[in-house]
Amino acid sequence: MSSLLNESDLRHETAVVWLEDPENLDYVRQALDKLARRRGKPRYERDGRMVGYTELDPRAEADPDSGLYRRRVFFLLPHDRDTEPDGVYQTGAPGEAIDPRTLEPQRAGEKTPRSQKGPAAAIATSS
């Protein structure tokens, strides 16, 4: 989903809040969710677990039809590399996966060798 984000989606972000240490994660999935509040931990209604989220400044406006705010949520599913290192994403990563080390408010984040291929690939490319 990161490729579907544009700067206007992120312009009111003030902080990325991590619920887990991003240094321990090769990648996180990111999604733009419609949420009831600008700040605070959002309710999580997916499989897996939420590992982080963004907060918005007071100027962020709710959608006029739904009354909801668009905020990013970062999450991992049960079959992701962190819990199944020998599973389907032993190498490669889901399309919406980005390296959490590249995330900042108002910046979508990037795919890196570590996020896309795993820790062994990152070590091999840095040698």
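Which residue in S5 does Val 28 stand opposite? In this predicted model, Val 28 stands opposite Ile 98 in S5, and that pairing is a convenient place to begin a description of strand S2 and its partners.

**Strand S2 and its neighbours**

Strand S2 covers residues 28-35 and is mostly covered, since seven of its eight residues are buried. With strand S5, which comprises residues 97-98, S2 pairs in the antiparallel sense, and two bridges make up this pairing. S2 is also joined to strand S4, residues 69-76, by seven bridges, and these two strands likewise run antiparallel. Within the pairing of S2 with S4, Leu 35 stands opposite Tyr 69. In a regular strand, side chains alternate between the two faces of the sheet.

**Salt bridges**

The structure holds 16 salt bridges, and the table below gives three of them with the separation of their closest N and O atoms.

| Acidic residue | Basic residue | Closest N and O atoms |
|---|---|---|
| Glu 20 | Arg 49 | 2.6 Å |
| Glu 23 | Arg 101 | 3.7 Å |
| Glu 110 | Arg 107 | 2.6 Å |

Glu 20 forms a salt bridge with Arg 49, their closest N and O atoms being 2.6 Å apart. Because Glu 20 lies in the loop between strand S1 (13-18) and S2, while Arg 49 belongs to strand S3 (residues 49-56), this pair ties together parts that are 29 residues apart in sequence. Glu 20 is partly exposed, with a relative accessible area of 26%, and Arg 49 is partly exposed too, at 25%. These two residues are also linked with Asp 82 in a network of salt bridges.

Glu 23 forms a salt bridge with Arg 101, and here the closest N and O atoms are 3.7 Å apart. Glu 23 lies in the loop between S1 and S2, and Arg 101 in the loop between S5 and helix H2 (113-117), so the pair ties together parts that are 78 residues apart in sequence. Glu 23 counts as partly exposed at 49% relative accessibility, a value that does not pass the limit for exposed, which is over 50%. Arg 101, for its part, is partly exposed with a relative accessible area of 30%.

Arg 107 and Glu 110 form a further salt bridge, in which the closest N and O atoms are 2.6 Å apart. Arg 107 is partly exposed, having a relative accessible area of 31%, and Glu 110 also counts as partly exposed, at 38% relative accessibility.

Conventions. Residues are numbered from 1 along each chain as its sequence is written. This is a predicted model: local features need pLDDT of at least 70, side-chain atom pairs count only at pLDDT 80 or more; totals for chains, interfaces and linings use all residues. Side-chain values use heavy atoms; hydrogens and water are left out. Buried means under 20% relative accessible area, exposed over 50%, partly exposed in between (1.4 Å probe, protein chains only). Helices (H or I, at least four residues) and strands (E, at least two) are DSSP runs, numbered from the N terminus. Two strands pair if DSSP finds at least two bridges between them. A salt bridge is a side-chain nitrogen of Lys or Arg within 4 Å of a carboxyl oxygen of Asp or Glu.
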